[in-house]
Amino acid sequence: MKLKIPLLVVFACLFMGAAAPEEMHPVKITDGVYMFESSTGTSNATVVITNDGVLVFDFNILTADQVVAGIRKLTDKKVRYLISSHSALDHASGAWYFREDKPVYIATKNQIHDLQMQEAAGFNERKESKDPRAAPYKGKELVTPDIGFDGNMTLYFGGLTFQMTAEGRGHSTGDLTVYIPQKRVFLMGDLLDTDLHPGQGESGDIFYSNVKGWIEILDRIMARQLPVETYVPGHGPAH
């Protein structure tokens, strides 16, 4: 059953803290890895600076311009890769801001489907809305991934290894994680709950979370027994 949520409610979620300016603060996770944390608790973006360029994990159209500006302060290297944890617009809508660097955008095949369907509809609805909170969507385009995969994909880039896993349906219809063994960092997106962002996920006004699948995904991640020092969530502080 599809549960339709009024647009007003969606805006209330997407523009949480709109009364105060939203700021993205870079938090150093380890050498070359920075999590840009939102001052209002909306989605984080993780930036990995390598010898050959930059990789960005998650990008919200409401804050991606600040992430680009922050990257320019940290390095003169170009953004070569984008990866989104899932298709929700607060994580996968801001690729437009990186267009000058012409990065390769990687996601799961499931995300590509969602971005071409309900997420595109939601993006265009906000783009055409007269609500002032939708201003960041004006004149922008929803960029879809260049590469889609199922199962596992490994990217060797700039002396680092990025082990991507299509974890399946948990928080969203298709969650993706990235493990960087050289940095002992695990990027979890919204699979990792925080006090700021508990509960099920939403995609295009429809709730798609699968609690049973979510638990199974977390069990599989723990069973891998990876040597991780820092787990980076989609919202809130790193752990």
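**Figure 1. The buried side of helix 4 and its neighbours.** In this predicted model, the buried residues of helix 4 pack against helix 3 (89-92), strand 6, helix 5 (118-128), strand 7 and strand 10 (175-180). If you would like to find them in the view, look for Q111, I112, D114 and L115, which are buried in helix 4. Seen down the axis of helix 4, these buried residues fall within an arc of 165 degrees, so they line one face of the helix.

**Figure 2. The seven-stranded sheet.** Here 7 strands come together as an open sheet, in the order 1-2-3-4-5-6-7, with mixed pairing. Strand 1 (24-30) and strand 7 (147-149) are the edge strands, and each of them pairs on one side only. From one strand to the next, the twist averages 20 degrees. Helix 2 (residues 64-74) packs on this sheet, where it touches strand 1, strand 2 (33-38), strand 3 (45-50), strand 4 (53-57) and strand 5. The direction of helix 2 makes about 145 degrees with that of strand 2.

**Figure 3. Strands 5 and 6 side by side, with helix 4 on the sheet.** How do strand 5 and strand 6 run, parallel or antiparallel? Strand 5 (residues 79-83) and strand 6 (residues 104-108) run parallel, and 3 bridges join them. A handy landmark is I83, which stands opposite I106 in strand 6. Helix 4 (residues 109-116) packs on the sheet as well, touching strand 6 and strand 7. Its direction makes about 100 degrees with that of strand 6.

**Figure 4. The surroundings of N60.** To get your bearings, look in the loop between strand 4 and helix 2, where N60 is found. Is N60 buried or exposed? The relative accessibility of N60 is 5%, and the cut-off for buried is under 20%, so N60 counts as buried. The side chain of N60 makes a polar contact with the side chain of S43, at 3.2 Å. Leaving aside residues up to four places away in sequence, N60 touches S43, L89, D90, S93 and G94.

**Figure 5. Y81 and F157, an edge-to-face pair.** Across the whole structure, a search finds 8 aromatic pairs. One of them is formed by Y81 and F157, whose ring centres are 4.9 Å apart. The planes of these two rings stand at 70 degrees, and over 60 counts as edge-to-face, so the pair is edge-to-face. Y81 lies in strand 5 and F157 in strand 8 (residues 152-157), so the pair ties together parts that are 76 residues apart in sequence. Y81 and F157 are both buried.

**Figure 6. F186 and Y231, a tilted pair.** In this aromatic pair, F186 and Y231 are 5.9 Å apart centre to centre, with 50 degrees between the planes, and the pair is tilted. F186 belongs to strand 11 (residues 185-189) and Y231 to strand 14 (residues 230-233), so the pair ties together parts that are 45 residues apart in sequence. F186 has 1% relative accessibility and therefore counts as buried. Y231, at 30% relative accessibility, counts as partly exposed.

**Figure 7. An aromatic cluster.** Which residues make up this cluster? F59, F98 and Y105 form one aromatic cluster.

**Figure 8. The five-stranded sheet.** This open sheet is formed by 5 strands in the order 8-9-10-11-14, and the pairing is mixed. At its edges stand strand 8 and strand 14, each with a single partner strand, so one side of each is left without a neighbour in the sheet. The twist in this sheet averages 20 degrees from one strand to the next. Strand 8 pairs with strand 9 (residues 160-168) in the antiparallel sense, over 6 bridges. To follow the pairing by eye, start from N152, which stands opposite T165 in strand 9. Helix 6 (residues 211-223) packs on the sheet and touches strand 9, strand 10 and strand 11. The direction of helix 6 makes about 150 degrees with that of strand 9.

**Figure 9. Stepping back to the protein chain.** In total, the protein chain has 6 helices and 14 strands. Buried residues make up 55% of its 239 residues. Of the contacts in the protein chain with a separation of 6 or more, 62% come from residues 24 or more positions apart.

Conventions: Residues numbered from 1 in each chain as written. Predicted model: local features only at pLDDT ≥ 70, side-chain atom pairs only at ≥ 80, totals over all residues. Heavy atoms only, no water. Pairing = 2+ DSSP bridges. Helix = DSSP H or I, 4+ residues; strand = E, 2+ residues; numbered from the N terminus. Axes fitted to C-alpha atoms, helices over the stretch in contact; angles between N-to-C directions. Contact = heavy atoms within 4.5 Å. Buried < 20%, exposed > 50% of the residue type's maximum accessible area, 1.4 Å probe, protein only. Polar contact = N/O pair within 3.5 Å; in protein donor to acceptor, adjacent residues only side chain to side chain. Arc of directions from axis to C-beta. Phe/Tyr/Trp six-rings, centres within 6.5 Å; stacked < 30°, edge-to-face > 60°.
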